[in-house]
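Trainee: I have a new model on my screen. Can you walk me through how to read it?
Mentor: Gladly. Let us look at it together.

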Amino acid sequence: MSAPRDIVRRMDIAPLRTVVSGAVLAIEDEGWDAARASHAGLGSPEVIVRVASIDDVSEAVRFIAASKRVAVVRAGGHSAWCTLDDGVLIDLTALDAVEVVDDPEGGALVRIGGGARWGDVARVLAKHGLGISSGDTASVGVGGLTLGGGIGWMVRAWGLAVDQLVGAQLVTAEGEVVEVSETSHPDLFWAIRGGGGNFGIVTRFDFHAHDLPGVVFATLGVSGDSRPVLGALRDLLADAPRALTVSFMDVPAMDPSAPAGATITACWIGEDEGELRGVLAPLLTLEGVSEIDLGARAYPDILMDAPMPDPEQPLPGFVGGNTLVETLDDGFIDGLASFRESTEASVIFLRSLGGAFGDVPQDATPFPARGATWFAMAGGFDIPGLVDDAERARLQSAWGALEAHGAGVYGNFTTTTDPAFAARMFPPQTMARLAAIKAQWDPRNLFARNHNVAPE
Ligand SMILES: Cc1cc2nc3c(=O)[nH]c(=O)nc-3n(C[C@H](O)[C@H](O)[C@H](O)COP(=O)(O)OP(=O)(O)OC[C@H]3O[C@@H](n4cnc5c(N)ncnc54)[C@H](O)[C@@H]3O)c2cc1C
């Protein structure tokens, strides 16, 4: 994908430094290593532009176009795209303003800079008694999560992050600034609600925010065979109030603070602990299920921390994948549990969908499989020395059988940078529409470091 460093013509960045107010860093500059580090690891771009304004974004894009390079765009820095060894990295993290204003349609709008992180957003919203269904982790970027869809803690009540998006400001591949919404460039607005960073750099997201009176959060421990518990969880969610969203995770020991084990986490929109305990009662009577924690929590506190990993100790690879499941039947549950039992160094994960997620018509956004009621993920850790080719092949085959049951793949939860992967994420009709919009707005594929939609 990238040209070896010694044959790449060295870029003259002096002109860029004269037009950009933020820092422009080359490999010999102080601060280079810190600037290229992200949550996903270390990348080696040719140049890093730490933009300080929307004008900076436009200038950087024009410079990249004139230099015939590709843009590597970073917001929260949690995707593998930030670790590639080419391109000009546009670091958006200084564009992190979060502003709450009245929504002309009623309620509140929140305008969020393209480089903000969800933890910062939650803290501002909490002061106003508001919330957005975002992700589960504070350091994840609003940019990457939203452009890919965004499955959050209130997905059954309010849908995906993109379902709450009402507009955005975007810098195009020409360096022009455009406003997009249902009435302004509606095709482009459609494309960015799940089509990733293919179409431009979003410098501002406008979300409709919801009243959030409070959150009750619970963690239940699960020991023994998870199959009957997952069956009961599925049955419970089939007609549970939309205020409830749950996830199930069964993991090996990650470090001394995170022991191995299976847990159900439940998020309830409301203030009454008794209500959540009542809703979860059918689970709490099951053998092997125990209440670890249940209580009212501040909205920002339900988001997890994800500290920056040590660049010298990269995380192991992951052999597996994810799928959007329409029917969580007993066969699928058995397959997931068997996957986990087959090797200690594996993880399985489920998150409930349905509710407001399923109210959105399939063609209203590029996001696949609106009929899904669960999101499922499973994989084995590719630990050097422990996993050989035969084990890798076994894990791939076991995952393949599970994925065959699903109705689509969620790109944000993949770590691959395989350029062909987008074809697995989007059904052909959706892909054709995305490719036509890409051809109109980015025919040279300047924004290629993402699940890439090739211009038609
Ligand atoms: C610990 C962890 C927890 C997670 N939890 C969730 C979760 O609960 N729900 C969920 O749905 N996903 C979750 N994810 C997946 C997450 O949505 C993706 O990893 C996402 O790509 C991260 O976005 P980012 O901005 O942090 O990453 P980045 O690497 O900065 O960006 C990801 C992609 O988006 C593009 N991009 C980012 N911002 C912009 C912008 N403003 N304009 C144009 N392009 C842009 C980048 O070029 C890149 O291609 C999680 C991931 C991790 C690592």
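Mentor: Start with one strand pair. Strand β8 (residues 108-113) runs antiparallel to β12, and six bridges join the two. R111 is a good marker, as its bridge partner in β12 is D206. Keep in mind that this is a predicted model.

Trainee: What holds such strands together in general?
Mentor: Strands of a sheet pair through backbone hydrogen bonds, either parallel or antiparallel. Now return to β12. Strand β10 (residues 165-171) is also joined to β12, by six bridges, and the two run antiparallel. G167 has D206 as its bridge partner in β12.

Trainee: Which residue of β12 is the bridge partner of L130?
Mentor: D211 is the partner of L130. L130 belongs to strand β9 (residues 130-131), which has two bridges to β12 and runs antiparallel to β12.

Trainee: How far should I trust the model?
Mentor: Look at the confidence. The mean pLDDT of the protein is 94, and 97% of the residues reach 70 or more. Residues 1-8 need care: their pLDDT is below 50. That stretch has seven contacts in the model beyond near neighbours in sequence.

Trainee: Which domains does the domain assignment give?
Mentor: The assignment lists domain 1 (10-91), domain 2 (98-212 + 431-441) and domain 3 (215-413). Note that domain 2 is written as two segments.

Trainee: How do domains 1 and 2 meet?
Mentor: Their C-alpha centres lie 23 Å apart. At the contact, 14 residues of domain 1 meet 16 residues of domain 2. On the domain 1 side, helix α3 (residues 54-67) gives the most, with six residues. By class, that side has seven nonpolar, six polar and one charged residues.

Trainee: Which residues are closest to the ligand?
Mentor: G76, G141, G143, G144 and G197 are the closest, out of 32 residues that surround the ligand. Three elements give two or more residues to this shell: β5 (71-74), α5 (142-148) and β12 (201-211). Helix α5 supplies the largest share, five residues. So you meet β12 again here.

Trainee: How many residues of the shell are nonpolar, polar and charged?
Mentor: The shell has 13 nonpolar, 16 polar and three charged residues.

Trainee: And how do I read a larger sheet?
Mentor: Write down the strand order, then look for the ends. One open sheet here has seven strands, in the order β16-β13-β15-β14-β18-β19-β17, with antiparallel pairing.

Trainee: Why is one side of β16 and of β17 left without a neighbour in the sheet?
Mentor: β16 (289-297) and β17 (317-325) stand at the edges, each with a single partner strand, so one side of each has no neighbour in the sheet. From one strand to the next, the twist averages 15 degrees.

Trainee: What joins β16 to β13?
Mentor: Eight bridges join β16 to strand β13 (residues 215-222), and the two run antiparallel. V216 stands opposite A296 in β16.

Trainee: Which strands does helix α10 touch?
Mentor: Helix α10 (residues 330-342) packs on the sheet and touches β14 (244-251), β17, β18 (346-352) and β19 (374-382). The direction of α10 makes about 150 degrees with that of β18.

Trainee: And helix α12?
Mentor: Helix α12 (residues 389-403) lies across β17 and β19. The helix runs at about 5 degrees to β17.

Trainee: One last rule for side chains on a strand?
Mentor: In a regular strand the side chains alternate between the two faces of the sheet.

Technical notes:
Residues are numbered from 1 along each chain as its sequence is written. This is a predicted model: local features need pLDDT of at least 70, side-chain atom pairs count only at pLDDT 80 or more; totals for chains, interfaces and linings use all residues. Two strands pair if DSSP finds at least two bridges between them. Helices (H or I, at least four residues) and strands (E, at least two) are DSSP runs, numbered from the N terminus. Axes are lines fitted to C-alpha atoms, for helices over the stretch in contact, and angles run from 0 to 180 degrees between N-to-C directions. Two residues are in contact if their C-beta atoms, placed from the backbone, lie within 7 Å. pLDDT is the predictor's confidence in each residue, from 0 to 100. Domain bounds come from an automatic or database domain assignment. Ala, Val, Leu, Ile, Met, Phe, Trp, Tyr, Cys and Pro count as nonpolar, Asp, Glu, Lys and Arg as charged, and the others, Gly among them, as polar. A residue is near a molecule or strand if its C-beta atom, placed from the backbone, lies within 6 Å of it.
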